[in-house]
Structures are given as structure tokens and as C-alpha cells.
Amino acid sequence: MPEEIKVGNITVKRGELKKGVIKGVELINNVSIDIPVIVMNGVEDGPTLLLMSTQHGIEIQGIEVIHRVMLKEVKPSKLKGAIIGIPVGNPLAYMHHQYLSWIDNLDVGRVRADRPNGNTTERLAYALWSEAWSKADLIVNIHCNTRPDSLIYQWINIGNPKTREKIIRMAKAAGVTTIVSEEPVGEDAPPTLGNLAARNGIPVLLFELIDGRWISEPSTTVGVRAILNIMKEFKMIEGEIEPQTGITIIPGTNRFYGILRANKGGLIRFFKKPGEFIRKGEKVAEIYNLYGEVIEEVKMPVDGYTWAYPCGQTLGTSGSLQAVQTGANIAYVFTHEKDELP
Ligand SMILES: [Zn+2]
């Protein structure tokens with residue numbers, strides 16, 4: 001951590017907390033859509049932790065988590081290192097309560113982040129990379145599923161030797177259900193925010209809260225506890241790591257199995273909760289038509305769990321309505337591998 005840290009239009013000296021903006025993009029009426037940022041520089045050396053929420057414009061729980069951590073829980077006088085807080089990673093999505101940028105329907109986390117002269121959402125991604133992501137040592141990217149979700153989880157990619165050890169430490173400290181994948185970022189992988197981070201040895205914890213369109217419990221408490229635990233693990237603040245309580249946790253190593261999709265169109269009702277063990281062949285949900293007749297029974301493909309029901313997609317947005325069309329996502333399915341993390 002340097003003596004002072006510059007992010008967007010602010011320069012933050014040791015012991016200071018400042019609020020500013022990262023320059024974003026200009027609309028046709030000359031209005032600039034910038035990225036608000038909060039930066040806290042601690043009094044002693046330590047890692048720089050980036051907290052970003054709302055890469056997807058309707059997933060707002062992380063905003064509250066960042067506010068609580070940076071404005072209530074942690075004081076610059078007690079901090080070793082620095083925290084960069086970005087409450088809304090994609091303001092073009094958030095401003096029209098859409099999942100993706102309303103201008104080009106692109107995802108700021110999936111486009112190239114290395115192009116200052118790229119398309120509109122690529123320029124936002126470049127601004128995030130150059131002003132914030134590239135300056136971090138640890139990143140927590142906070143997302144949310146939507147109702148009827150009930151399982152808070154995190155996703156870690158342990159396929160990159162440069163970040164493997166740190167990402168496992170972050171996940172253990174955060175203490176929620178963990179989905180583990182091993183996807184090395186190859187030479188030909190597109191330079192998205194996540195891939196650039198991996199190449200630069202910066203671990204990114206993808207954290208998924210629940211009930212994403214409302215600020216509510218248990219997401220706030222669990223999210224704040226997870227961030228503070230990570231900060232304790234990396235000696236940014238004092239204190240013992242607090243186990244997560246009050247939520248369902250499938251401990252250890254879990255693997256993503258696949259997406260259950262609808263073969264019929266209609267309304268859908270669910271019989272299982274995310275985080276509830278489901279045997280292969282058990283009925284997870286059923287789809288019914290506008291005459292009230294059941295037209296498809298949706299069965300579990302494997303012994304395992306679901307983490308969310310992302311049905312009702314429109315314009316790339318999941319979870320907008322309790323209804324599906326043919327081919328729509330019904331459930332994300334995962335299996336439990338062992339009771340310990342790798
Ligand atoms: Zn998301």
C-alpha cells in the first residue's frame with residue numbers, strides 16, 4: 001500500500017476516507033455516467049482490498065454491505081492496507097434497473113476491459129480495470145440471486161497457480177457454501193476484468209447474496225461478516241474470524257453440475273429450496289399452463305442441491321418472473337464433493 005492511493009478523481013492519504021468518482025461514459029445529452037467510489041487508506045501497510053457490488057444492475061445487496069463495512073465497521077485508524085469500495089460496478093445497468101448496460105445490453109464483467117477506445121460498456125470495464133481492479137491485491141465481487149433463492153454462496157476458481165492459495169484463504173474466511181472450479185485462464189482467454197485479474201495474480205472472490213433486489217437480512221449481516229473475516233485473515237484488521245450463522249451452509253468443496261432448463265413454456269412452481277439435499281429423480285419443480293394443467297415435471301438430474309432458481313429471464317435478466325419459456329433456466333445445480341476445501 002502506497003503512502004497515498006489515487007482512484008478516479010480522489011487522492012487518499014494515510015488515515016483518510018474519501019468519496020469520489022471514476023470517470024465513466026457520456027450520454028447523448030452530455031450527461032456523464034460516472035462510477036462512484038469510496039476509498040479508505042489505513043494508517044499502516046497491508047493489502048488493498050477492492051469491494052465491488054452491482055456489476056449486474058439489479059443486484060443491490062452488496063451496496064449496503066460496502067456501506068456498512070466502510071462507513072460503520074472499519075475505521076482508517078484501525079486499518080492496515082486500503083479498501084476501495086465501488087457500490088455500483090455498472091451504473092449503465094443500475095440506472096435503468098436492468099441486469100446489463102441498457103445502451104448495448106452488455107455485461108461490464110464479460111466484455112474486454114483493456115480497451116480505452118472500445119465500445120460503451122468496454123470503456124466502463126476499462127475504467128474499472130485501470131482505476132480500481134488493477135490497484136487491488138484482493139477483490140470481492142458481490143452479486144445476488146433473486147427470490148426464491150435461499151442459499152448464500154461463493155464461487156472460487158482454483159485453476160490459476162498465481163491466485164490459488166489466496167482465493168482458498170479468502171473463501172475459508174468468508175465461510176459460506178463454496179462452489180469450486182478449476183479453469184486456468186489461458187493465453188487466448190478474453191481480457192475481461194476477471195481474466196486480467198487472474199493474469200496479474202489478483203484473486204477475485206465471487207460472492208452471491210440472496211434476495212438481490214432488496215436490502216434485507218440475512219444478506220447484509222452475512223456479507224459484512226464475510227468481508228470482515230477476509231480482512232482479519234489477511235491481517236488488515238484485528239480480531240478472530242467469526243463463523244457464519246443463521247444460514248444454510250453446505251461445507252467444503254462443491255462443484256457446479258449444470259443448468260436445469262425448461263422443455264415447456266408456462267408458469268412454474270417449486271418443491272425444493274436452494275440448499276436442500278435432493279436425490280436424483282426427485283421432483284424439483286413443475287411447469288403448468290394457463291389452464292392450470294401440469295405440462296412438465298422437472299426432475300433432479302443428480303444427487304445434489306440447487307443454489308437458485310433463475311427463471312423468468314428477459315434481456316439477460318434472470319429471476320424477473322415465476323414463469324419460463326422453452327429453454328429457459330430453471331435451476332443451477334451443484335454436487336457436494338468433500339467436507340473440506342481444497
Ligand atoms: Zn450477478
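## Close-up views of a predicted model

**Figure 1. Strand S10 is covered on both faces.** On one side of S10 sit Val 204, Leu 206 and Glu 208, on the other sit Leu 205, Phe 207 and Leu 209, and all of these residues are buried. Keep in mind, here and in the other figures, that this is a predicted model. Why do we call S10 largely enclosed by the rest of the structure? Six of its six residues are buried, so the strand is largely enclosed. The two-sided pattern is easier to picture with a general rule in mind: side chains in a regular strand alternate between the two faces of the sheet.

**Figure 2. S10 pairs with strands S7 and S8.** Now look at who S10 pairs with. S7 runs parallel to S10, and six bridges join the two. For a landmark on the S7 side, find Ile 142, which stands opposite Phe 207 in S10. S8 goes with S10 in the antiparallel sense, over three bridges. Here Trp 155 is the residue to find, and its bridge partner in S10 is Leu 206. Both landmark residues of S10, Leu 206 and Phe 207, are buried, with Leu 206 on one side of the strand and Phe 207 on the other.

**Figure 3. Two prolines follow cis peptide bonds.** Zoom in on the backbone between Arg 147 and Pro 148: this peptide bond is cis, with omega near 5 degrees. Where along the chain is Pro 148? Pro 148 lies in the loop between strand S7 (138–144) and strand S8 (153–157). Another cis bond joins Glu 217 and Pro 218, with omega about 5 degrees. Pro 218 is in a loop too, and this loop runs between strand S10 (204–209) and helix H6 (219–233).

**Figure 4. Two asparagines have a positive phi.** Asn 30 isn't a glycine, yet its phi is positive, near 75 degrees. You'll find Asn 30 in the loop between strand S3 (17–26) and strand S4 (32–41). Is Asn 30 buried or exposed? Asn 30 has 6 other C-beta atoms within 10 Å, so it is exposed; the cut-off for that label is 12 or fewer. Asn 105 has a positive phi as well, near 55 degrees. Asn 105 sits in the loop between helix H2 (91–94) and H3. With 13 C-beta neighbours inside 10 Å, Asn 105 counts as partly exposed.

**Figure 5. Leu 128 is buried in helix H3.** Helix H3 covers residues 120–131, and Leu 128 is one of them. Leu 128 has 25 C-beta neighbours inside 10 Å, so it counts as buried, given a cut-off of 20 or more. Which residues does Leu 128 touch, leaving out those up to four places away in sequence? They are Ile 35, Gly 89, Val 108, Ala 113, Trp 133 and Leu 193. For a sense of scale, pick out Ile 249, 121 residues from Leu 128 along the chain: their C-alpha atoms are separated by 32 Å.

**Figure 6. Four strands form an open sheet.** Read across this sheet and the order is S14-S13-S12-S16, with antiparallel pairing. Strand S14 (294–299) and strand S16 (323–324) stand at the edges with a single partner strand each, so one side of each has no neighbour in the sheet. Strand S13 (residues 283–288) and S14 run antiparallel, joined by five bridges. A handy spot to look is Tyr 288, which stands opposite Val 294 in S14.

**Figure 7. Domain 1 meets domain 2.** The domain assignment splits the chain into domain 1 (4–233) and domain 2 (256–338). Their centres, taken over C-alpha atoms, are 29 Å apart. How many residues are in contact? In domain 1 there are 15, and they contact 14 residues of domain 2. On the domain 1 side, the touching residues divide into seven nonpolar, six polar and two charged.

**Figure 8. Zooming back out to the chain.** In secondary structure, the chain comes to six helices and 17 strands. Its radius of gyration is 20 Å, close to the 20 Å that the globule rule gives for 342 residues, so the chain is as compact as a globular protein of that length. Along the principal axes, the C-alpha atoms fill a box of roughly 65 × 50 × 40 Å. Of the 342 residues, 47% count as buried. Among contacts with a separation of 6 or more, 70% are between residues 24 or more positions apart.

Note on methods. Residues numbered from 1 in each chain as written. Predicted model: local features only at pLDDT ≥ 70, side-chain atom pairs only at ≥ 80, totals over all residues. Contact = placed C-beta atoms within 7 Å. Domains from an automatic or database assignment. Nonpolar A, V, L, I, M, F, W, Y, C, P; charged D, E, K, R; others polar. Rg over C-alpha atoms; globule rule 2.2 N^0.38 Å. Pairing = 2+ DSSP bridges.
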